[in-house]
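Student: I would like a close look at one part of this structure, the place where its charged side chains pair up. Could you walk me through what pairs with what, and then what lies around it?

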Amino acid sequence: MARQFSGRRLREVRTASGIPVELLALNVGRSAYSINEYELGRVTPPINVLAAIADSLGRPVDDLLTDEEAHAA
């Protein structure tokens with residue numbers, strides 16, 4: 001089972017950290033719209049952006065990943 005990015009985990013970690021979407025976006029050089037898209041799971045951030053997000057939140061990248069299996073079509 002592969003670990004994969006979780007928008008839900010990103011939102012949980014960000015809100016627990018008390019960091020608004022706009023501030024996180026500014027810190028990682030992305031738009032607030034992009035952060036929202038990541039949190040909604042519509043877009044997966046590139047690895048360098050994922051690392052910047054984790055760093056900005058003071059958490060390891062692993063905290064933004066999940067063990068959920070991808071469902072085969």
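Tutor: Happy to! Let's settle the vocabulary before we look: a residue counts as buried under 20% relative accessible area, as exposed over 50%, and as partly exposed in between. Please also keep in mind that this is a predicted model.

Let's start with Arg-3. Its relative accessibility is 36%, so Arg-3 counts as partly exposed. The side chain of Arg-3 meets that of Asp-67 in a salt bridge, with 2.8 Å from N to O. Arg-3 sits in the segment before strand 1 (4-5) and Asp-67 in the segment after strand 2 (65-66), so this pair ties together parts that are 64 residues apart in sequence. Asp-67 has a relative accessible area of 40%, so this partner too is partly exposed. The pairing extends to another acid: Asp-62 joins Arg-3 and Asp-67 in a network of salt bridges.

Now step back to Thr-66, which has its place in strand 2. Its relative accessibility is 11%, so Thr-66 counts as buried. Setting aside neighbours within four places in sequence, Thr-66 is in contact with Ala-2, Arg-3, Gln-4, Phe-5 and Ser-6. Arg-3 therefore appears both as the salt-bridge partner of Asp-67 and among the contacts of Thr-66.

Leu-64 leads us from here towards the nonpolar interior. With neighbours within four places in sequence again left out, its contacts include Gln-4, Phe-5 and Ser-6, and also Leu-10, Val-13, Leu-50, Ile-53 and Leu-57. The largest nonpolar core has 17 residues, and Leu-64 is one of those that touch the most other members, along with Leu-10, Leu-24, Ile-35, Tyr-38, Ile-53 and Leu-57. Helix 1, helix 2 (21-28), helix 3 (32-39) and helix 4 (47-57) are the elements that give two or more residues to this core. The largest share, 5 residues, comes from helix 4.

Two of the Leu-64 contacts, Leu-10 and Val-13, belong to the buried set of helix 1, together with Gly-7 and Arg-14. Looking down the axis of helix 1, these buried residues fall within an arc of 125 degrees, so they line one face of the helix. Strand 1, helix 2, helix 3 and helix 4 are among the elements that cover them. After helix 1 comes Gly-18, with a positive phi near 75 degrees.

Helix 1 also carries a salt bridge of its own, between Arg-8 and Glu-12, whose closest N and O atoms are 2.7 Å apart. These two are 4 residues apart in helix 1 (residues 7-17), so about one helical turn separates them. Arg-8, at 44% relative accessibility, is partly exposed, and so is Glu-12, at 32%.

For a contrast, turn to Glu-37 and Arg-42, where the closest N and O atoms of the salt bridge are 3.1 Å apart. Here Glu-37 is buried, with a relative accessible area of 11%, whereas Arg-42 counts as exposed at 59%. In the whole structure, a search finds 8 salt bridges. To return to where we began, the Arg-3 and Asp-67 pair is the one that joins parts 64 residues apart in sequence.

Terms used. Residues numbered from 1 in each chain as written. Predicted model: local features only at pLDDT ≥ 70, side-chain atom pairs only at ≥ 80, totals over all residues. Heavy atoms only, no water. Salt bridge = Lys/Arg side-chain N within 4 Å of Asp/Glu carboxyl O. Buried < 20%, exposed > 50% of the residue type's maximum accessible area, 1.4 Å probe, protein only. Core = buried A, V, L, I, M, F, W, Y, C linked by side-chain atoms within 4.5 Å. Contact = heavy atoms within 4.5 Å. Arc of directions from axis to C-beta.
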